[in-house]
Amino acid sequence: MANLYPQFAQLPSQSLPPSINFSQQQRPPAESPPQPLLPPNAVAVTSPSVIGVTPTLQILHSAAKNTATINLWQCPPDETDLKNVSPTFLSYNTDFCSGKVRDCSSRVEEVNDSLDSLSLKSNLTISVQIMKSRQNEGKHVSNDILCHLVGRCMEENNLAAGRDVYSLIVGSGLESDASLGNCVVRMLTYFEEFKEANEVFSKLVKPDVITWTAILSANVKLGDYNRAIDLYREMVEARVKPDGHVFVEVLKACMGTATERHTQQIHASIIEHGLEHDAFVGSSLVGLYVKSGTFQDVSIAFCRLPNRNTVTWSTLMFGCIYHKSGKEVPELFEQMQQEGAEPDKGTYVCLLAAASDTEDLEQGRQVHNQILVCGASVNSYVGNALVDMYVKCGCVEDAQVVFDSLFSRDVVTWSSLLLGYAEEGRGQVAFQLFDRMQQEGVVPNEVTHINILKACSVLEQGHLVHEYMITHGSLLNVQVGTALIDMYLRCGSVSGALFVFTNLSQKNVITWSTMIAGCVEFGLFDDALDLLQSMQDQGIEPNEITFLSLLKACSLQGSIEHGRQLHTQATNSGLGSRVAVGNALIDMYATCHSLEDARVVFQRMPNRDVVSWTSMLKLHAHHESLGPEGIQVFQQMKQDGIEPNPITYGYVLKLMSRTAAIEQGRQIHAYIVETGIEFNELIINALLDLYANCGGLMNAFVAFQRTQKKNVSNWSALLMGCAQHRDYSSALGVFSNMLESGLKPDGVVFLCLLSACKLVSEGCQLMKSMRDDHGILPTLEHQNSMVDILGHAGYLDEAEDLLECNPSSSNAVGWTSLLHACKVHIDVDTAKRCFNNVVVLDPKASSAFVLMSSVYSHAGMLHSGEELEARRRKEIGWKKLAHSCIEVDNEVHNFRVGDKLHCRSADIYAKLDALNVQLKKEGYAPRVDLVLGPMSKEKKEEALCGHSEKLAIAFGLISLPHGMTIRVSKNLRMCGDCHNTSKLISRIEKRDIFVNDTYGVHRFSEGVCSCDDYCYQIFKGDVLQVKR
Ligand SMILES: [Zn+2]
Ligand SMILES: [Zn+2]
């Protein structure tokens, strides 16, 4: 859930550094704290005592563009200077201007009188009253007095008086006066009466740039960014030339609307007016691009700044964090220091935010130390950033220490710490904090609510929080609503989640995705798909998370049709090229057994990561016939320079085991040891599998000995190795060691033990011990293992009884297993029943058809066999193609039936012909009677000769040094004929031959197989006197 909320969603309220808060600029006059005595477009001149007049008279109206400041008190101005001074000013100052200006107005005396009386009484309300009565008497009240009064209203925080002054202005017929209007607009903005400010502004005639700036600022503060931008356009149309202050305001408005179009237009105007290099405008522009542009735009805007100061550097750093490039912040900080800019609290907050963002605890601690070393006091912004950093880095204890040391804590501090405990699963502590913060008078906000919802682990808690929110009338916005839905889903109440979801008035794509993911999690696949439809009907486009959940649903449900539709949608929406979506598609197609689609997706992916490659390797590892291709995939992965992860190695080793590539497997094992890659369960088990399958059990034991912490799964893997070799006594030894080590066996352990044993009495004993001594109830798999044991031992009726007394709707495996036994024991009647049971469950079970035909041919019922084979061809068409692998010189060679594609094909067949002659001398008679189909005896012999394992063994004989063991892996069970010839070959060639098939491992040596012909008793005595 955490990653559903972008980092920034909380930034503006929680951790926006003070010095780069975009609403606080350092210079704009319209916004700097009001200095009530001075109208904004006036310049104060010091040393009023020189002239001994009231402070109000220290007002200089400089000309529109703040030209020369004339210090009239030190030297009388000449006439040119005076031209730049406003007439109003001159009217006050005639007396002091050495008579150079003769424009003495009759008002001066009057004005001075009133100002004197004002300054004497210095009571605002009374002053306003006096002015009112003057106005009522029909006397003139001057602009400057009105300006002065407006200033005092701000100084004394008296809005009511301010409104009275405005009515005075209106009464004097001055409501359209730009300079007065400016004072009033500024005052109303100061009192946050933005709407009134707009009304006053609308009555002004020819407002100047300063007034325009004030009204822009008012609308920005009102949050009406579009009006601010419209006002800017009006201003340009009115031919008022914008200055830097105007652009700072307009840029803030752009930031509010965050549309790229505005940004570019305004940027163009800034360049046009030659203000691009103005430090403040530049800094605002950087800030704007931080929010609406790309990180590249930010950097470009930053590079153009003529002077960079701490604020602009911090803005750039903030830009990095905003654009998820927090890792670049420390480097920028270094550059900043090199350029001599001193870090301030805002910079530290940025650095801490970057450490939070990258979850770099080390970096975060360094910044903390730096703050302590330089002795900067920790204000609430820095404190909050510290708490946030420790929480994000998973160190809630350190966050608590900072929290306790803070002088003041606000709702942000409490909410952050609370989140820390919630995410650590310490919900109780989070709830205590929630209570405490309220006792201390801190009112929880939406972020607090979202965080406390994360602390709920059981439904009761969740209900309580939800009730609390209802009784306190808490705001239920999209984010809080989504957090509630998430809470209900986490606490297992899909109905609660749906209730909130249905009643939530506003939903965004995250809300929809959360609900869809929840439905998938609860197995409500149809509902998930319906939600997708409604979401799109409402014009909300699914995002990556939506696709990932729905693709997972299709995987779980095996619904390739829906999967394909989603694939098309994802492609159309442009999300199909995302790595995560590609990986999910591969997974979906792989689970739906559409290997070709999975491959196509993989090949079309513009970028592939280690997960994509690993998914492909997993796909090949799980497909018994894809071993050799899987190895090629791994080689391509290495060529592409993708570094495998431990999971990749697990699947690669599994592939090596499947293709008997023990040499390459050993090399990978050595590499894993050398590089210190973590031995995860997958790797350990794949190694045990590899050594047990391709080598002797001894190798597996050695590998196991080296495993440090052994868990039940590792022990099971070793037991599986014993089972592969049908070595029950070793298995029992392993089992007792495992019990001694203090581990408890599980069902899988017993499954391995059952697979290792051959005797019915031992099997029965195991089943009893599992149930009585270890309290494990037998599953279908255990039962099928028992069927296998009974069947091989010739207890076909008992095996059939066992299958029938436990009727499971889908036990095709059990019936197929018994069908195998029927072939060994040539029991046509039982076989027919098995076959019918399998075909009812799975009419396309090709292997059952092949087995049944084989039973017929073994029983000499060739006609029935051929009939069934014809039916199979007609009804199913395909059967699993056999293939065998052998590793020679670090390369896996794969052979199919009758394969003539191998480069040494001619040599291989020549070797087989030579062997055939010798085999026949040894008394070998090919079982041509078992080969079905209309063929001559020679053709049938040839067909037997071309079995893939024979080809692989022959290739091994001609390529591997004399005496070296031959290791072959086959994806199906070896046929009786190949089993027989392999025994003879091992004697003739004086070679050990390992063949690893679906039964397990056959080790042929000196004419005998380690399996004691377990699956091939039909041949007992046919050729060799095999010990039994
Ligand atoms: Zn064969
Ligand atoms: Zn064997």
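The protein chain has 53 helices and eight strands. What you are looking at is a predicted model, and I will go through a few places in it. First, the chain as a whole. It has 1028 residues, and 53% of them count as buried. Then the contacts: taking those between residues at least 6 apart in sequence, 64% join residues at least 24 apart.

Now to helix packing. Two packed helices are described by the angle between their axes and the distance between the axes. I have two pairs to show.

The first pair is α38, residues 681-694, with α40, residues 712-724. Their axes are 9 Å apart and the packing angle is about 15°. The cut-off for roughly parallel is under 35 degrees, so α38 is roughly parallel to α40. The crossing of α38 and α40 is right-handed. Which residues of α38 and α40 make the contact? On α38 they are Glu681, Ile684, Asn685, Leu688, Ala692 and Asn693. On α40 they are Ser713, Asn714, Ala717, Leu718, Gly721 and Gln724. By class, the contact of α38 with α40 has five nonpolar residues, six polar and one charged.

The second pair is α42, residues 747-756, and α44, residues 780-792. Here the angle is about 10°, with the axes 9 Å apart. These two helices are therefore roughly parallel to each other as well. From α42, the contact takes in Gly747, Phe750, Leu751, Leu754 and Ser755. From α44, it takes in Glu781, His782, Ser785, Met786 and Ile789. The contact of α42 with α44 divides into five nonpolar, four polar and one charged residues.

Next, the cysteines. A disulfide is a covalent bond between the sulfur atoms of two cysteines. How many disulfides does a search of the whole structure find? Zero. Take Cys491, which is in no disulfide. The nearest cysteine sulfur to that of Cys491 belongs to Cys456, and it is 6.0 Å away. A disulfide needs the two sulfur atoms within 2.5 Å, so Cys491 and Cys456, at 6.0 Å, do not form one. Is Cys491 buried or exposed? Its relative accessible area is 14%, so Cys491 is buried. Cys694 is buried too, with a relative accessible area of 2%.

On to backbone angles. Most residues other than glycine have a negative phi, and most peptide bonds are trans. Two residues are worth a look on that point.

One is His593, where phi is near 60°, a positive value in a residue that is not glycine. Where is His593 found? It sits in the loop between α32, residues 579-591, and α33, residues 595-604. The relative accessibility of His593 is 66%, so it counts as exposed.

The other is Asp1012, also not a glycine, with a positive phi of about 55°. Asp1012 is placed in the segment after β8, which covers 1008-1009. With a relative accessible area of 22%, Asp1012 is partly exposed.

Last, a single residue on a helix. Gln636 lies in α35, residues 627-639. At 38% relative accessibility, Gln636 counts as partly exposed. Gln636 and Trp613 are 23 residues apart along the chain, and their C-alpha atoms are separated by 9.3 Å.

To recap: two roughly parallel helix pairs, α38 with α40 and α42 with α44; zero disulfides; and positive phi at His593 and at Asp1012.

Note on methods:
Residues numbered from 1 in each chain as written. Chains lettered and ligands numbered in written order. Predicted model: local features only at pLDDT ≥ 70, side-chain atom pairs only at ≥ 80, totals over all residues. Heavy atoms only, no water. Axes fitted to C-alpha atoms, helices over the stretch in contact; angles between N-to-C directions. Helix = DSSP H or I, 4+ residues; strand = E, 2+ residues; numbered from the N terminus. Parallel < 35°, antiparallel > 145°, perpendicular 65-115°, else oblique. Left-handed = near helix turned anticlockwise from the far one by under 90°. Contact = heavy atoms within 4.5 Å. Nonpolar A, V, L, I, M, F, W, Y, C, P; charged D, E, K, R; others polar. Buried < 20%, exposed > 50% of the residue type's maximum accessible area, 1.4 Å probe, protein only.
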